[in-house]
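Q: Please pick one part of this chain and go through it closely, in plain words. I would like to know what lies on either side of it and how it fits into the rest.

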Amino acid sequence: MKPKLGISMGDPAGVGPEIITRALAKISEQQNAEYIVFGDLEVLARYASAEQEIVEIKDLSNYSNKNGSKILVHAVSQLSAFEPASPNPQTDRAQIDYIEAVFDAITLGHIDAMVTDRKSTRLNSSHALIS
C-alpha cells in the first residue's frame, strides 16, 4: 500500500504552489506515494500545466489517485485577495490553516505524513502570529 502524503501549499503568494505543481508533474510517472495538496484550488490552477487536472477532494477518508495524473487538492482556503509575490494578512493566515488541516488529517488517520517547506513553520511577516 502506498503511503498517503499531505502537502502543505505554503504561502499562496510565494513560490510553493508553482514548485508543487511542477514537482507533481515530474513524479507522476514514478509515483510511489499518493499525494494530496492542502491549499487553494484557484492558486494551484494558476500554476498547473495544461496536462494536469486539479481535483478537489472533500472526503479525506476515501480518495485515490492511482495513476498520479491528477493534482488532488483538499481546499482549505478560497482567497479573495491573492496576487503572486504580494503576501498579505489573508495569505499569511492561509499558510497556518494549511498546516493545521494537514495535522488534523494525520490525527484522523486520513494521511500518513506531511510535506512542507520549513519556512512555512515560521512566518516572517508581521501579519500573522503563531502561538
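A: The answer starts with the chain as a whole and then turns to strand 1 and its surroundings.

This is a predicted model, in which local features need pLDDT of at least 70 and side-chain atom pairs count only at pLDDT 80 or more, while totals for chains, interfaces and linings use all residues. Residues are numbered from 1 along each chain as its sequence is written, and side-chain values use heavy atoms, with hydrogens and water left out.

The average pLDDT of the chain is 86, and 85% of the residues score at least 70; pLDDT is the predictor's confidence in each residue, from 0 to 100. Residues 121-131 have a pLDDT below 50, and beyond near neighbours in sequence this stretch has 16 contacts in the model. Contact means heavy atoms within 4.5 Å. Where pLDDT is low, the predicted coordinates should not be read in detail.

The chain has 3 helices and 5 strands, in the order β-α-β-α-β-β-α-β from the N terminus on. Both kinds of element are DSSP runs numbered from the N terminus: helices are H or I with at least four residues, strands are E with at least two. Of the 131 residues in the chain, 41% are buried. Buried means under 20% relative accessible area, exposed over 50%, and partly exposed in between (1.4 Å probe, protein chains only).

Now to the sheet. The 5 strands form an open sheet in the order 3-4-2-1-5, with parallel pairing. Two strands pair if DSSP finds at least two bridges between them. Strand 3 (53-56) and strand 5 (113-115) stand at the edges with a single partner strand each, so one side of each has no neighbour in the sheet. From one strand to the next, the twist averages 35°.

Strand 1 covers residues 4-8, and in the sheet order it stands between strand 2 and strand 5. On one side, 5 bridges join strand 1 to strand 2 in parallel; here S8 has F38 as its bridge partner. On the other side, strand 1 runs parallel to strand 5 and is joined to it by 3 bridges, with M114 as the bridge partner of G6.

How many residues of strand 1 are buried? The count is 5 of the 5, so the strand is largely enclosed by the rest of the structure. In a regular strand the side chains alternate between the two faces of the sheet. In strand 1, K4, G6 and S8 are buried on one side, and L5 and I7 are buried on the other.

Two helices lie across this strand. Helix 1 (residues 16-27) lies across strand 1, strand 2 and strand 4, at about 165° to strand 2. Helix 3 (residues 89-107) lies across strand 1, strand 2, strand 4 and strand 5, at about 145° to strand 2. The angles, from 0 to 180 degrees, are between N-to-C directions, and the axes are lines fitted to C-alpha atoms, for helices over the stretch in contact.

The residue I7 also belongs to the largest nonpolar core, which has 16 residues; I7, M9, I20, L24, Y35, V37 and L79 touch the most other members. A nonpolar core is a set of buried Ala, Val, Leu, Ile, Met, Phe, Trp, Tyr and Cys residues joined through side-chain atoms within 4.5 Å. Strand 1, helix 1, strand 2, helix 2 (41-47), strand 4 and helix 3 each give two or more residues to this core. The core member L24 is in contact with I7, Y35, V37, Q52 and I71, leaving aside neighbours within four places in sequence. A second, separate core has 10 residues, including I36, F38, L60 and Y63.

Helix 1 also holds T21, which is buried, with a relative accessible area of 1%. Not counting residues up to four places away in sequence, T21 touches L44, Y47, A48, Q52 and I71.

Beyond strand 2, the sheet goes on to strand 4. Strand 2 (residues 34-40) and strand 4 (residues 70-77) run parallel and are joined by 4 bridges. V37 stands opposite V73, and F38, the bridge partner of S8, stands opposite H74. Strand 4 is joined in turn to strand 3 by 4 bridges, also parallel, and there I54 stands opposite I71. I71 is also among the contacts of both L24 and T21.
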